[in-house]
Amino acid sequence: MDTSQLKKMNRFRKGLRFIGAMLTLVGGFLLFNFSLLLLDPNSTITVNGVVTSDFNPKLKAVIFISLIVFIGLVALFGSNSFINKIFVWRQSLLSIFTKG
């Protein structure tokens, strides 16, 4: 691997950690707010244009947001070898789809 690939990998690692930090920060804020909505039986949520106060859609929203927070935490605190494997996988996919 030449030095340009190492520079790309380092830039990818830093970028992924930045994205992980943003996902964790914004997702944590949303998770806090949706958790409060989940605990309040009178709160409403809009699902497909219908305003509802059912528990199930609020629970699904909390689960979805918690997955975003989990992905952000993995990107933020993942080991360098794991992120390097993601970079190599990404490069192999790009080489498959860009060579014509």
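A residue is called buried when its relative accessible area is under 20%, exposed when that value is over 50%, and partly exposed in between. With those words in hand, let us walk through this structure, which is a predicted model.

A good place to start is helix H3, which covers residues 80–98. H3 has 19 residues, and from its first C-alpha to its last it reaches 26 Å, close to the 27 Å expected at 1.5 Å a residue. Which residues of H3 are buried? They are Ile 83, Asn 84 and Phe 87. Because these residues cover an arc of only 100° around the axis, they lie on the same side of H3. What do the buried residues of H3 pack against? Their partners are H1 and H2.

Now turn to the other side of H3, where Lys 85, Trp 89, Ile 96 and Phe 97 are exposed. Let us stop at one of them, Lys 85. This residue has a relative accessibility of 62%, and so it counts as exposed. Lys 85 also makes a nice landmark for comparing sequence with space: Gln 5 is 80 residues away from Lys 85 in sequence, while the two C-alpha atoms are 13 Å apart in space.

Next, look at the surface. Here you can find a nonpolar patch of about 1100 Å², whose members include Phe 18, Ile 19, Met 22, Phe 70, Ile 71 and Phe 82. Two elements give two or more residues to this patch, namely helix H1 (3–39) and helix H2 (55–77). Which of the elements gives the largest share of the patch? That is H1, with eight residues.

One member of the patch, Ile 19, is worth a closer look. Ile 19 sits in helix H1. Is Ile 19 buried, partly exposed or exposed? Its relative accessible area is 46%, and therefore Ile 19 is partly exposed. A patch residue needs over 30% relative accessible area, and the 46% of Ile 19 is over that cut-off.

Our last stop is a loop. Strand S1 (45–47) and strand S2 (50–52) have a loop between them, and Asn 48 is found there. What is particular about the backbone of Asn 48? Its phi is near 55°, a positive value in a residue other than glycine. Asn 48 also counts as exposed, because its relative accessibility is 78%. You have now met two asparagines in different settings: Asn 84 is among the buried residues of H3, whereas Asn 48 is exposed in its loop.

Notes:
Residues numbered from 1 in each chain as written. Predicted model: local features only at pLDDT ≥ 70, side-chain atom pairs only at ≥ 80, totals over all residues. Heavy atoms only, no water. Patch = residues over 30% accessible without salt bridge, like charges linked within 9 Å, V, L, I, M, F, W, Y side chains within 5 Å. Areas by Shrake-Rupley, 256 points an atom, 1.4 Å probe, with all protein chains shown as cover. Salt bridge = Lys/Arg side-chain N within 4 Å of Asp/Glu carboxyl O. Helix = DSSP H or I, 4+ residues; strand = E, 2+ residues; numbered from the N terminus. Buried < 20%, exposed > 50% of the residue type's maximum accessible area, 1.4 Å probe, protein only. Expected span 1.5 Å × (residues − 1). Arc of directions from axis to C-beta. Contact = heavy atoms within 4.5 Å.
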